[in-house]
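Please open the model in a viewer and keep the selection panel at hand. The stops below are given in the order in which they may be selected.

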Amino acid sequence: MRPILDIAAALDLPPHALMCYGEHMAKLRPNVLPRSVDNSKGKIVLVSAINPTRSGEGKTTVAIGLAQGLARIGQRTALALREPSLGPIFGVKGGGTGGGRCQLEPSTRINLHFTGDMHAVGAAHNLLAALLDNAVHFRSELDLEHRQVFWRRVLDVNDRALRATVIGLGGHLNGVPRESGFDITAASEVMAILCLAEDLADLKARLGRILVGFDRSGNPVTAQRLQATGAMAALLQDAILPNLVQSTEGVPALVHGGPFGNIAHGCNSVLATKTAAAYADFAVTEAGFGFDLGAEKFFDLKCRSADLWPSVVVLVVTARALRIHGGGDPAQAGSIEEIERGLAHLAHHVRSVRAFGFEPVIAINCFAGDSQQELLLIEKKCAQFGLNAARFNGFTDGGSGAVALAQAVIAAAAQPAPPARYLYALESPPEEKISTVARTIYGASELEISRAARKDLERVRSLGYDQLPVCIAKTHLSLSSDPTRTDPDGYFALPIESVRIAAGAGYLLVLTGDIVTMPGLPHDPAATRIDLSDDGDIIGI
């Protein structure tokens, strides 16, 4: 790794612009953050993917490799990526900083505590929960109805046992007993606010708008009414500042914010993206999971809120994922016919990208077990779609394995970027917004709105939140809400179970199917393979 001062100098950032966390990590000081961004100065490249398998398809690896490939051919490039959550690190994925020769460094520190942003978000969220229950306990003038309090607590470790809890037990001094629960920190509205805030003033305004419950008269109670905004902002004083690290080959990387892609909006912070675009010619960013989740929210939530718009969309494809979406067994190689059937899944995502006005560049992320027959078939299908496709071998070859993809991205960026285009108007009814996303992006035939969700929507309208955009939470393993479903074009209804008001973040959180906001650990957690060596090095991530 190079000293972080050298990495900053590559973006013309002087030493006094940094708050250093050792030799290889730093935060950017507020005075160097752009107050606005000129998209003609730095082109934003969005990296998305088809629906991944449970192990992921290397979207972060491709984003890092692409940045290294662009740098190798002389382009001034910066990454703008999310911070990993401890939940997936100790759960299935075992790390969220890329892989092979396309990683963020220092990877173990980034994967674990990093600069403390995740902990600051959890502390701010839980402080609000404590102030809320304190107001209930002392029967403050807010006259809170404890059965109408829905602000839960958060923890950044997968723990299914905390999804539903009872708090306040043990007598009068311990508060008022009520049902509650925990979400994972990456699903916290505070995290979403941190990632969408433009500056400190915007952060405080959004925190103040957080809706935590209702009083006995049915009036909404916010964080501002609880006088919690100032203390929450104080806890987030440093967390709002983007973190600067580097890739394996020394490309500057702004790694900041970590909202979940299937539960929240799945994009890194607006501040980090705007900073990357202000200081580099190419700003490579990504959005969580497949195009149906992260990228749709990137456009309809992040871009709409922050007045951003990318120049290029890269869609990551793997033979393994196509085989699974073609009905194959992920544990074995299978037949070429499975890939052929899975290409219908790719075609669906291409149509989704085109709904926003883009012709995607296809990145074929190559794995050791892929056959030439499989890769040639994918390339042939992309050519039939009229798309430019490039093989990506960055995991084994670093930036040199991404040069072909980088050249394809430069060619796409040379074309005029399409104008901003959103799927729906904010003035449309919430049901229409949900239906538009479900039909256009997921391929759903209809909505099945539960009785509870209809009551939620009635409250949304009565409180005047019906003009907010929608953030739909569903499984990342399928276009539908059923993780086992592979057919992209068959009839299915999208079940809407509940709708939460995230007034501070500025969207309605729509929960579908069996989605949960606190994941559980798998049968064989990655945590069992992580250790601290006798030399003090973290191994197994």
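A charge is said to sit over a ring if NZ of Lys or CZ of Arg is within 6 Å of the ring centre and within 35 degrees of the ring normal. The model shown is predicted.

With that criterion in hand, select Arg459 and Phe214: the charged end of Arg459 sits over the ring of Phe214, 3.9 Å from its centre. Select next Arg304 and Tyr422, where the charged end of Arg304 lies over the Tyr422 ring at 4.4 Å from the centre.

Tyr422 leads to the next stop. Extend the selection to Phe291, Phe298, Phe299, Trp309, Phe356 and Phe358, which together with Tyr422 form one aromatic cluster. The structure as a whole holds 9 aromatic pairs. One of them joins Phe299 and Phe356 in a stacked arrangement, with 4.4 Å centre to centre and 15 degrees between the planes. This pair links distant parts of the chain, 57 residues apart: Phe299 belongs to helix 10, and Phe356 to the loop between helix 12 (336-354) and strand 18 (361-365). Are these two rings buried or exposed? Phe299 is buried, at 0% relative accessibility, and Phe356 is likewise buried, at 0%.

Now display the open sheet of 4 strands, whose order is 20-22-23-21, with mixed pairing. Strand 20 (446-449) and strand 21 (470-473) are the edge strands, each pairing on one side only. On average, neighbouring strands of this sheet are turned by 40 degrees against each other, direction ignored. Helix 10 packs on the sheet through contacts with strand 21 and strand 23, and its direction makes about 170 degrees with that of strand 21. Within the sheet, strand 22 (residues 493-502) and strand 23 (residues 507-512) run antiparallel and are joined by 6 bridges. To find the register, select Ser498, which stands opposite Leu511 in strand 23.

Move to helix 7 (residues 200-208), where Asp202, Leu203, Arg206, Leu207 and Gly208 are buried. The elements covering these buried residues include helix 6 (189-196), strand 13 (220-222), helix 8 (229-235) and helix 10 (291-306). At the N-terminal end of helix 7, Asp199 acts as a cap, with a side-chain oxygen 3.2 Å from the backbone nitrogen of Ala201.

Finish at Thr77, in strand 4 (residues 77-81). Thr77 is buried, with a relative accessible area of 5%. A polar atom of the Thr77 side chain lies 3.0 Å from the backbone oxygen of Gln75. Among the residues that Thr77 touches beyond four places in sequence are Ala67, Leu70, Val251, Pro252 and Phe282.

Key:
Residues numbered from 1 in each chain as written. Predicted model: local features only at pLDDT ≥ 70, side-chain atom pairs only at ≥ 80, totals over all residues. Heavy atoms only, no water. Buried < 20%, exposed > 50% of the residue type's maximum accessible area, 1.4 Å probe, protein only. Helix = DSSP H or I, 4+ residues; strand = E, 2+ residues; numbered from the N terminus. Contact = heavy atoms within 4.5 Å. Polar contact = N/O pair within 3.5 Å; in protein donor to acceptor, adjacent residues only side chain to side chain. Phe/Tyr/Trp six-rings, centres within 6.5 Å; stacked < 30°, edge-to-face > 60°. Pairing = 2+ DSSP bridges. Axes fitted to C-alpha atoms, helices over the stretch in contact; angles between N-to-C directions.
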